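The following exercises are to be worked with the sequence and the coordinates at hand. Each task is followed by a solution in steps.

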Amino acid sequence: MLRKRLFAALAAVATLFGLQVITAGPAAAAPRILYYDASQAQEFVAVVNQGAQIWNSRVTNVQLQPVPAGRTPNIRVYADNGWPRAQTTSLGNGRWYMGREAVNDGYYQPRIAAHEFGHLLGLPDRRTGLCTDLMSGSSAPVSCRNPNPNATETATVNNNFRSAAAAAAEVPAREYVWVG
C-alpha cells in the first residue's frame, strides 16, 4: 500500500516537470506453438506450409511451425490417393492427409490444407455450402478459392487456445473426411 502511494506521488511530481511515466501493462500471453511434420506430404509440402501460414496470419493464441530437428511433432501430414481427412488425438495433436482425390476433382489446395489444419485446431466440419466458411469443406463449390477462416472460425480457434490449461484439455479423438 505504501509502495503504491509513493509511486503515485512520484508520478504526480514527474508530471509537474513534464516527464512521462511509463507503466507496464499486462503482458500478452505467448502463443502456443504446435509443430507439424510435412515430410510425408510428398508433392504437397509447399501447400501444407501455406495452410499453416494462413492460420498463423489469422490467429494469435496458437502458431503452426515446421518441426525442428530432434523434436516430436504435434501434427503429422501425409499425402495419399483418398479424400483429405484429419484424425485428432487431442486438441492440437493428430494427423491429416492431403488426399489427391479432392485435388484431382479440382478443389483448391490451399483451402484443403487450411481446412484440415482447422480440424487439428479444434474445428468440426460445417457443411454450410458457403465459400466464406472454411470449415464448409467440400460442401462449398469446387470453384471456391477462399482458403481463409472466417471471423467465427478464427475466434473459436483463439478461444480454444486462450490459455495453457485450455490448450492441454483433452478433446475426444475424431476423424474428419473431406467428402465430395
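## Exercise 1: Overall architecture

The protein chain contains six helices and six strands. The model is a predicted one.

Task. State the order of helices and strands along the sequence of the protein chain, and determine what percentage of its residues count as buried.

Solution.
- Step 1. Reading along the sequence gives the pattern α-β-α-β-β-β-β-α-α-α-α-β for the protein chain.
- Step 2. The protein chain has 180 residues, and 44% of them count as buried.
- Step 3. The accessible surface of the protein chain is about 9,800 Å². Carbon and sulfur atoms hold 56% of that surface.
- Step 4. Among contacts in the protein chain with a separation of 6 or more, 62% are between residues 24 or more positions apart.

## Exercise 2: The strands around S5

Task. Determine which strands pair with S5 and in which sense, parallel or antiparallel.

Solution.
- Step 1. S3 and S5 run parallel and are joined by six bridges. In this pairing, Asp80 stands opposite Gly99 in S5.
- Step 2. Strand S4 (residues 85-90) pairs with S5 in the antiparallel sense, over five bridges. Here Ala86 is the residue opposite Trp96 in S5.
- Step 3. S4 and S5 form a hairpin with two residues between the strands. Gly92 in this hairpin takes a positive phi near 85 degrees.
- Step 4. Six of the seven residues of S5 are buried, and the strand is therefore largely enclosed by the rest of the structure.

## Exercise 3: Aromatic pairs

Task. The structure holds four aromatic pairs. Classify the pair of Tyr78 and Tyr97 and the pair of Trp96 and Phe117, and locate the residues of each.

Solution.
- Step 1. For Tyr78 and Tyr97, the ring centres are 5.2 Å apart and the planes lie at 25 degrees. Since planes under 30 degrees apart count as stacked, this pair of Tyr78 and Tyr97 is stacked.
- Step 2. Tyr78 belongs to strand S3 (residues 75-80) and Tyr97 to strand S5 (residues 93-99), so the pair ties together parts that are 19 residues apart in sequence.
- Step 3. Tyr78 has 23% relative accessibility and counts as partly exposed, whereas Tyr97, at 18%, is buried.
- Step 4. The rings of Trp96 and Phe117 have centres 5.2 Å apart and planes at 75 degrees, so this pair is edge-to-face.
- Step 5. Trp96 lies in strand S5 and Phe117 in helix H4 (residues 109-120), and the pair links these distant parts of the chain, 21 residues apart.
- Step 6. Trp96 is buried at a relative accessible area of 0%, and Phe117 is buried at 0%.
- Step 7. Tyr36, Trp96 and Phe117 form one aromatic cluster.

## Exercise 4: A charge over a ring

Task. Which ring lies under the charged end of Arg85?

Solution.
- Step 1. The charged end of Arg85 sits over the ring of Tyr97, at 4.1 Å from the ring centre.
- Step 2. Tyr97 also forms the stacked pair with Tyr78.

## Exercise 5: The loop between H4 and H5

Task. Describe the surroundings of Ser136, Gly137 and Asn150, and state whether Ser136 and Gly137 are buried or exposed.

Solution.
- Step 1. Ser136 is located in the loop between H4 and H5. At 0% relative accessibility, Ser136 counts as buried.
- Step 2. The side chain of Ser136 makes a polar contact of 2.9 Å with the side chain of Arg111. With neighbours within four places in sequence left aside, the contacts of Ser136 are Arg111, Arg126, Arg127, Thr128, Gly129 and Leu130.
- Step 3. Gly137 is placed in the loop between H4 and helix H5 (151-160), and its relative accessibility of 1% counts as buried.
- Step 4. Gly137 and Asp125 are 12 residues apart along the chain, and their C-alpha atoms are separated by 6.9 Å.
- Step 5. Asn150 is likewise in the loop between H4 and H5. The side chains of Asn150 and Asp133 are joined by a polar contact of 2.8 Å.
- Step 6. The side chain of Asn150 also reaches the backbone nitrogen of Thr152 at 3.0 Å.
- Step 7. Apart from neighbours within four places in sequence, Asn150 is in contact with Thr132 and Asp133.

Technical notes
Residues are numbered from 1 along each chain as its sequence is written. This is a predicted model: local features need pLDDT of at least 70, side-chain atom pairs count only at pLDDT 80 or more; totals for chains, interfaces and linings use all residues. Side-chain values use heavy atoms; hydrogens and water are left out. Helices (H or I, at least four residues) and strands (E, at least two) are DSSP runs, numbered from the N terminus. Buried means under 20% relative accessible area, exposed over 50%, partly exposed in between (1.4 Å probe, protein chains only). Contact means heavy atoms within 4.5 Å. Accessible areas come from the Shrake-Rupley method with a 1.4 Å probe; for residues, only the protein chains shown count as cover. Rings of Phe, Tyr and Trp (its six-membered ring) pair if their centres lie within 6.5 Å; planes under 30 degrees apart count as stacked, over 60 as edge-to-face and the rest as tilted. A charge sits over a ring if NZ of Lys or CZ of Arg is within 6 Å of the ring centre and within 35 degrees of the ring normal. A polar contact is a pair of N or O atoms within 3.5 Å; within protein, one must be able to donate a hydrogen and the other to accept it, and residues adjacent in sequence count only if both atoms are side-chain atoms. Two strands pair if DSSP finds at least two bridges between them.
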